[in-house]
Amino acid sequence: MSHPTDTAGSAVAPRRKGLTRRGRRRLSRGAQYTVFVAAVIALAVSADWGRLRNQFAQTAIARQMFPDVIVLALKNTVLYTLSGFVVGLVLGMVIALMRLSSVGPYRWVAGVYIEIFRGLPALLIFIFVGVAVPLAFPGMEIVGGTYGKVALALGLVSAAYMAETIRAGIQAVPRGQMEAARSLGFSPTRAMVSIIIPQAFRIILPPLTNELVLLFKDSSMVLFLGVTLEERELSKFGRDLASQTANSTPILVAGLCYLLVTIPLGFLVRRMEAKAQEAVK
Amino acid sequence: MSRTPEIRIRDLHKSFGDNEVLRGIDLEIGQGDVVCVIGPSGSGKSTLLRCVNLLEEPTKGQVFVGGTELTDPDVDIDAARRRIGMVFQQFNLFPHLTVTENLTLPQRRVLKRDKAQAARTAAENLRRVGLAEKADAYPSSLSGGQQQRVAIARALAMGPEVMLFDEPTSALDPELVGDVLAVMRMLAEEGMTMMVVTHEMTFAREVADRVVFMDGGVVVEDGTPGQVIGNPRHQRTRHFLSRLLDPAMAEVEEEISDRAGKSE
C-alpha cells in the first residue's frame, strides 16, 4: 500500500495515500466492536430462552430451597472451608518453617511434601482421605467425623500452597529485622514468632485470602466423601435438589451463593493489595 | 587504662568464602571507654563490630565481653547479647509496632519484665533521646534521625553494659546527623562503654577516648584521637583522612592507591 516516495529522509514527506494512522486505528477498533456485538446478538437470538428459563430459573423451585440453602448448605460450606483453612494454615506454617530450617532432613521432608501435594488433584486427596485412611487404620476414627475428614483433606491440599506463600512472606521480611531482634537477645524461635512472622503475615494477607477463595470452591468435593443430609454443602445440596425436582434451578442458586462469598472476598483482596502498594511508597 | 577491659578481642579472623575480611585483630576496650573505628569501606570495620556480638561468626579467634567468652560454643549467646546493645546503620526498628512497643516488646519477651515496668523504662529512655512525644507514633512516620534515636532508646531499654554503633549516621540526611550524635555524646559522658564504627571525624576527635584505624582487615593504627586523626604515623591513615576530609583532592590519586592496595 505504501507509496514509493514515502521513505524517511525525503525533505517534504507527502501524505500517505488512503487512510491516516488514526483512521486505520479507528477502523480496526470499530471492526472488533462489530464482531463482538454480532456474536452476542447471534447467541441471544439462537438460544432457546424459554427452555433455559424453564430449566434454570424457576422461581417456585428456587423459593423452596430457602432457607435451607443458607442455614444448612452455605453454613456447611463456610464451616468446611474455615476448618480446612485453619488446618492448612497450621500445617503450612510448620512446613514453611521446616523448609527454612538449617536442618537438612527437615528441608527435604518439607520439599517432598510440597511437591507431592501441589502436584495432585484435590479430588484424589479427598478420595484418599475418605477411603485409604480408614482402610489403613481400621477402627480409628478421624476426629470430628465428616467435618474432620474435610478439614484434613482441604488442609492437606492447601498446606502445600500456603507453606510456599508463608515461606515467601518470611523471606520478604528484611534481614535486618532478624539481626535487630537477635542483637536484643531474642532467641531465633522467639524472634521468628514475635518479630518476623507478624510482619510476614502482613505481606501475605492478600495471597492467603486468595487461598481461602480457592478452598471455598474446593469444599464442593466433600460430595466424594459421602455425607449425611445434615452435612451437605452448597454443591451437594444443589445437585440433590436438582435431581429431586428434575430441574437445574438449584444449581444456579447454589452458584449464586458461592459468588455471594467469593466476589466480596476478591474485592477485599484487591483492596488489601492496593493498600500494601500504598504502604510501599 | 588500668581498668579491666570490657571488650577483649584476640586474634580475630573472619572469612566469607575465599574473601578474608578480618586478618587477625587484637583489641581491648576498657570499661567506660569510647572507641571509634574508622577506615575505608571494605576494611572490615563493620564485620569486626558484628563479630563482637556474634552477628557474624568469627572464623578464628576469641571475643570476650564483660568476662564472658562469646566465641565459646557452649555460651548462652542470647543471654550474652542482652548485655550488648547494638545500633544499625538502617535503624532496623520493627515497623509493625509503635515506638513504645518497639521498646517494650523486647523487655517483656527477653527480660520478662512486667508491663508496667517495661512501659516505665520505655518512657524513661524515650525521654533521654528526646522523643517522649513520639511514643505512640509508628516508625514510618518518623524522620531518619528520629528513628535512629528510637533505635538507640530501644537498645538502652535493655540496660546494656556495652553499646555497639554500626555507622549510625551514614543513612541520615546531613541535617539530621547532629541529633543522633548528641545522644551518643550524652551516653559517652554518662560513662557507657562504646564501640563506634563511623565516618564522623568531628565526633571521633571530640568524644572518643581512642581511635582505631583499620584497613585491609587489620588494625593499622590505634591511639588517642590526637595521635590517629591529628598526627597519623602511617601513610595509609594519612591517605584515608585526606580523602575523607577533602574528597575532591583525592580523586587524582585514586588509581595509584588502588594499585598500591592490590600489590600488598
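How much of residues 7-241 of chain B is helix and how much is strand, and how far apart are the end C-alpha atoms?

1. That stretch is a convenient place to begin, although it should be kept in mind that the model is a predicted one. Over residues 7-241 of chain B the secondary structure comes to 37% helix and 26% strand, and the C-alpha atoms at the two ends are separated by 26 Å. The boundaries come from UniProt, where an unreviewed entry lists these residues of chain B as "domain: ABC transporter".

2. The two chains meet at an interface in which 23 residues of chain B are in contact with 19 residues of chain A. The size of an interface is often given as the accessible area lost when the parts come together. Here the area buried between chain B and chain A is about 1,700 Å², with carbon and sulfur atoms giving 58% of it. On the side of chain B, the residues B:D78, B:F94 and B:H96 together supply 31% of the area that this chain buries against chain A, which is more than any other three residues supply.

3. Charged side chains also meet between the chains, since the rule finds 2 salt bridges across the interface of chain B and chain A. One salt bridge joins A:E179 to B:R50, and the closest N and O atoms of that pair are 2.6 Å apart. A:E179 and B:R50 also belong to a network of salt bridges, in which they are linked with A:R175 and B:E56.

4. Over all chains the structure holds 18 salt bridges, and one of the residues already named for the interface, B:D78, takes part in one of them within chain B. Its partner is B:R81, and the closest N and O atoms of the two side chains are 4.0 Å apart. Because B:R81 and B:D78 are 3 residues apart in helix 2 (residues 77-81) of chain B, about one helical turn separates them. Is B:R81 buried or exposed? With a relative accessibility of 4%, B:R81 counts as buried, and B:D78, with a relative accessible area of 12%, is buried as well.

5. A salt bridge in chain B that reaches between two helices is the one formed by B:E206 and B:R185, for which the closest N and O atoms are 3.1 Å apart. This pair links distant parts of the chain, as B:E206 lies in helix 7 (residues 201-207) of chain B and B:R185 lies in helix 6 (residues 177-189) of chain B, with their positions 21 residues apart in the count. B:E206 has a relative accessible area of 51% and is therefore exposed, since the cut-off for that word is over 50%, whereas B:R185, at 31%, is partly exposed.

6. In chain A, the side chains of A:R118 and A:E115 meet in a salt bridge with an N to O distance of 3.5 Å. Both residues lie in helix 5 of chain A, where they are 3 residues apart, or about one turn of the helix. A:R118 counts as partly exposed, at 34% relative accessibility.

7. Aromatic rings deserve a separate look, and the count comes to 4 aromatic pairs over all chains. Among them, A:Y80 and A:Y147 form a tilted pair, 5.1 Å from centre to centre and with 35° between the planes. The pair links distant parts of the chain, because A:Y80 is in helix 4 (residues 68-99) of chain A while A:Y147 is in helix 7 (residues 145-172) of chain A, 67 residues apart. A:Y80 is buried, with a relative accessible area of 0%, but A:Y147 is partly exposed at 28%.

8. The rings of A:Y113 and A:F117 have their centres 4.4 Å apart and their planes at 25°, so this pair is stacked. Both residues lie in helix 5 (residues 104-119) of chain A, 4 residues apart, which is about one turn of the helix. A:Y113 counts as buried at 16% relative accessibility, and A:F117 is buried with a relative accessible area of 16%.

9. In chain B, charges are also found over rings: the charged end of B:R8 sits over the ring of B:F64, 4.5 Å from its centre, and B:K14 lies over the face of B:F16, at 4.9 Å from the ring centre.

10. A last point concerns B:T104, which is found in helix 3 (residues 99-110) of chain B and counts as buried at 13% relative accessibility. Leaving aside residues up to four places away in sequence, B:T104 touches B:A118, B:A119 and B:A122.

Notes
Residues numbered from 1 in each chain as written. Chains lettered and ligands numbered in written order. Predicted model: local features only at pLDDT ≥ 70, side-chain atom pairs only at ≥ 80, totals over all residues. Heavy atoms only, no water. Phe/Tyr/Trp six-rings, centres within 6.5 Å; stacked < 30°, edge-to-face > 60°. Buried < 20%, exposed > 50% of the residue type's maximum accessible area, 1.4 Å probe, protein only. Lys NZ or Arg CZ within 6 Å of the ring centre and 35° of its normal. UniProt positions renumbered as here; feature names shortened; annotations may be inferred. Contact = heavy atoms within 4.5 Å. Buried area = accessible area lost by both parts, 1.4 Å probe.
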